[in-house]
Amino acid sequence: MNYSGIKYTDMINGEGIRVSLFVSGCSHHCKDCFNSDTWDPNYGSPFTEEVENEILNYFKKYDKSIKGLSLLGGDPTYIDNIDPLVKFIKKFKDLFPNKDIWIWSGFTWEIIINNQKLLSLIELCDVLVDGKFNIQEKDLNLKWRGSMNQRVVDIKKSLELKKVVKYID
Ligand code: SF4
């Protein structure tokens, strides 16, 4: 898996102060995507163990001030990104069980819950921003998403109640 960047002390992508990892690879190709360079899975740099440790060490150092980890892209649920991210998140959760994990996906909740591979990654996270960016429904006032069709989903509650429970409207 490649990544295009890491934003430390990010206050835009999720609640609170976060560390955001932008991975490469996306199969959705939404019209007017803000970040089309990252569609290519080879864009950016390899996400090596050294990079993983850099992120983990940052959390160790600033444990109290960072609320959690955000995974964006590209698409973190791009097929080749799933296994490396599952591995990394498991390591992350072992060390920081109280931090939350937010993830963005071009797939909808309904597609994800019917696909075991996608679910293996999503079920390790806390909040999902789902669905493709739709230029017809673009709204600059929305929090954490670009268009009205996208939802901010509470993953644990949605799995428990077997229906979409929104984290915010
Ligand atoms: S899912 Fe995201 S990264 Fe992929 S094309 Fe759509 S807006 Fe761009």
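**View 1. Eight strands build one open sheet in this predicted model.** The strand order is 3-1-2-4-5-6-7-8. The pairing is mixed. Strand 3 (45-46) and strand 8 (166-168) are the edge strands. Each of these two pairs on one side only.

**View 2. Strand 1 pairs with strand 3 and with strand 2.** Strand 1 covers residues 2-10. Strand 1 and strand 3 run antiparallel and are joined by two bridges. Here Asn2 has Pro46 of strand 3 as its bridge partner. Towards strand 2 (18-23), the pairing is again antiparallel, with five bridges. Ile6 is bridged to Leu21 of strand 2. Strand 1 also holds Thr9. The phi of Thr9 is near 50°, a positive value in a residue that is not glycine. Most residues other than glycine have a negative phi.

**View 3. Strand 7 meets the edge strand 8.** Strand 7 spans residues 151-154. Two bridges link strand 7 to strand 8, and the two run antiparallel. Val152 stands opposite Ile168 of strand 8.

**View 4. Two helices lie across strands of the sheet.** Helix 1 is formed by residues 49-61. Helix 1 lies across strand 1, strand 2, strand 3 and strand 4 (68-72). Its direction makes an angle of about 10° with strand 1. Helix 2 is formed by residues 79-95. Helix 2 lies across strand 2, strand 4 and strand 5 (100-104). Against strand 4, helix 2 runs at about 175°.

**View 5. A cis peptide bond joins Gly73 to Gly74.** The omega of this bond is near 10°. Most peptide bonds are trans. Gly74 sits in the loop between strand 4 and helix 2. Gly74 is also one of the residues around the ligand.

**View 6. The ligand takes up the space of the largest pocket.** Around the ligand are Cys26, His28, His29, Cys30, Cys33, Phe34, Trp39, Gly74, Gly106 and Phe133. Sorted by class, six residues of this shell are nonpolar and four are polar. The shell has no charged residues. Cys26, Cys30, Cys33, Phe34, Trp39 and Phe133 belong to the nonpolar class. His28, His29, Gly74 and Gly106 count as polar.

Notes
Residues numbered from 1 in each chain as written. Predicted model: local features only at pLDDT ≥ 70, side-chain atom pairs only at ≥ 80, totals over all residues. Heavy atoms only, no water. Near = heavy atom within 4 Å. 1 Å grid on protein atoms, 1.4 Å probe; cavity = no way out; pocket = protein on both sides within 12 Å on 5 of 7 lines; lining within 4 Å. Sits in = over half its atoms within 2 Å of the grid points. Pairing = 2+ DSSP bridges. Helix = DSSP H or I, 4+ residues; strand = E, 2+ residues; numbered from the N terminus. Contact = heavy atoms within 4.5 Å. Axes fitted to C-alpha atoms, helices over the stretch in contact; angles between N-to-C directions.
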